[in-house]
Each structure stands twice: as C-alpha cells, then as structure tokens.
Amino acid sequence: TMDDRTLVRWSRANEPESWPLGNVERIGGQDGEPVQAMVPLLDRLLIFKATKIYALYGDFETEGGYSLALVSDRIGTRYPFSVGVDGDSVYFLAEDGVWRYDGNLTYVSSKIKRTLLGLLMDANKEYAAGIIHDRKYWLSLSEGGTDNDATYILDLLALDEGREVWTRFDYGVQCFASCLNDTNYNNLVARLDAAVRERWISFSI
C-alpha cells in the first residue's frame, strides 16, 4: 500500500535474513509520499521522496540509537533510477533539473535548464536512468518517445573547478551498471534498446 512505502526497515547487523519488528522507521510522518530512492552516503542513508530528502544515521543496533533528519523539505526526486553517488556527493534528477547534495544542495544543470524543463513536462520520465562513471554523471531520458532516447553527461571534474559542462548524445540508455573487468578497470555497461530488443554494450570513457 502507499502507507507501506513510507516505511524503511532494516535487518540486524551482519544478519540479512533477520528483520526484527522494531527495526522500522516511518519517513515523513503522514505526508503520504512514498519513498522513491535510498542511497548510502558516508555514515548515513539518504532517503528520497518526491519533494523531500531525509538522512537516517546512528547506531541501528540500539533502541533509540539512530536519528532521522530532514535534509530538504522542497527538493526530492520522482525518478528513483536517476540517483548516483560520487564520493561524498549525490546527484539526482528533480522536477526542475539536476541537483547535487554534499551537505548542501546545489543546482548543477543551469546550462541545460530550459531543455530539461521542457522535457520534464512529458509524462515519460519516470524511467530516467542515471549513474556516476569515471567522474561523470550520466543521465538518460526520453525526449518524446516511450523509451529513453537521449543521454546527457555532466563532467564532474569540470564542476569541481566551478565549470558546468554538459555533453549530449543521440542515444538513449534504459539502464546502467558499473563493473570491474579482469584488469580492475571500471567499465560502464548500458542497455541501449527497449525490452523488446535488448542490446548491451560495454565501453570506457
């Protein structure tokens, strides 16, 4: 139910098959917004709702040993597959574009804001796919079709220097995965086509 999707549960430490009934926290009270995404960031778990972000942290083995903090009551995500972690930062797609959270929220898609705002008016954005790879944030989404058909890439090295640099490619990615090959080089694996005709590619950037 919708109510169930406002709850976060956790197992005993190092016992993934043991789920005590008391290991549960309702996120956001009774606002009715389901949890959209969760990612670990340093010593805490970031929890995304459509219009809010929370941080859950502390000692989860001790009753009352953990805390739930509201990070933002205005920015969240409706696009659970868009969230990517880069060290001590998280990147994600919100209703008005791409944001970074590193203790502070920073809007990082000013250069393509008009484009993204036009695209996000379309209903076919719930499967927007994002990943961090090779110090780049990859975001694939639909530009009007039923599947993702364009990919935007944000250069995080340039962003570290105060420059916002985006690159656009005319292909869509339905889902991403990052893995290590036999030489421990980090490769990006992407499914380019829709479910009817799957084709996977692996490439390094």
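These legends accompany close-up views of one predicted protein model.

Residues are numbered from 1 along each chain as its sequence is written. In this predicted model, local features need pLDDT of at least 70 and side-chain atom pairs count only at pLDDT 80 or more, whereas totals for chains, interfaces and linings use all residues; side-chain values use heavy atoms, with hydrogens and water left out.

**View 1. The whole chain, with 2 helices and 17 strands.** Helices (H or I, at least four residues) and strands (E, at least two) are DSSP runs, numbered from the N terminus. The chain has 205 residues, and 43% count as buried. Buried means under 20% relative accessible area (1.4 Å probe, protein chains only). About 11,100 Å² is exposed, 49% of it from carbon and sulfur atoms. These areas come from the Shrake-Rupley method with a 1.4 Å probe.

**View 2. The open sheet S11-S12-S13-S14.** Its 4 strands pair in the antiparallel sense. Pairing requires at least two DSSP bridges between two strands. S11 (129-133) and S14 are edge strands, each with a single partner, so one side of each has no neighbour in the sheet. The twist averages 20 degrees from one strand to the next. Axes for such angles are lines fitted to C-alpha atoms, and the angles run from 0 to 180 degrees between N-to-C directions.

**View 3. Strand S13 and its two partners.** S12 and S13 share 6 bridges. S13 and S14 (residues 166-169) share 4. Ile-153 of S13 stands opposite Trp-138. In S14, Thr-167 is the bridge partner of Ile-153. Lys-136 is matched with Asp-155 in S13. S13 is mostly covered, with 5 of its 6 residues buried.

**View 4. The largest nonpolar core, of 20 residues.** Such a core is a set of buried Ala, Val, Leu, Ile, Met, Phe, Trp, Tyr and Cys residues joined through side-chain atoms within 4.5 Å. Tyr-91, Val-98, Tyr-137 and Leu-154 have the most contacts inside this one. S8 (89-94), H1 (113-119), S12 (136-141), S13 (150-155) and H2 (156-160) each supply at least two of its residues. A second, separate core has 15 residues, including Ile-53, Ile-75, Val-83 and Phe-92.

**View 5. The surroundings of Leu-154.** Beyond four places in sequence, Leu-154 touches Tyr-91, Val-108, Arg-135, Lys-136, Tyr-137, Leu-159, Glu-164, Val-165 and Trp-166. Contact means heavy atoms within 4.5 Å.

**View 6. Confidence along the chain.** The mean pLDDT (the predictor's confidence in each residue, from 0 to 100) is 83. Of the residues, 83% reach 70 or more. Over residues 194-205 the pLDDT is below 50.

Conventions:
Buried < 20%, exposed > 50% of the residue type's maximum accessible area, 1.4 Å probe, protein only.
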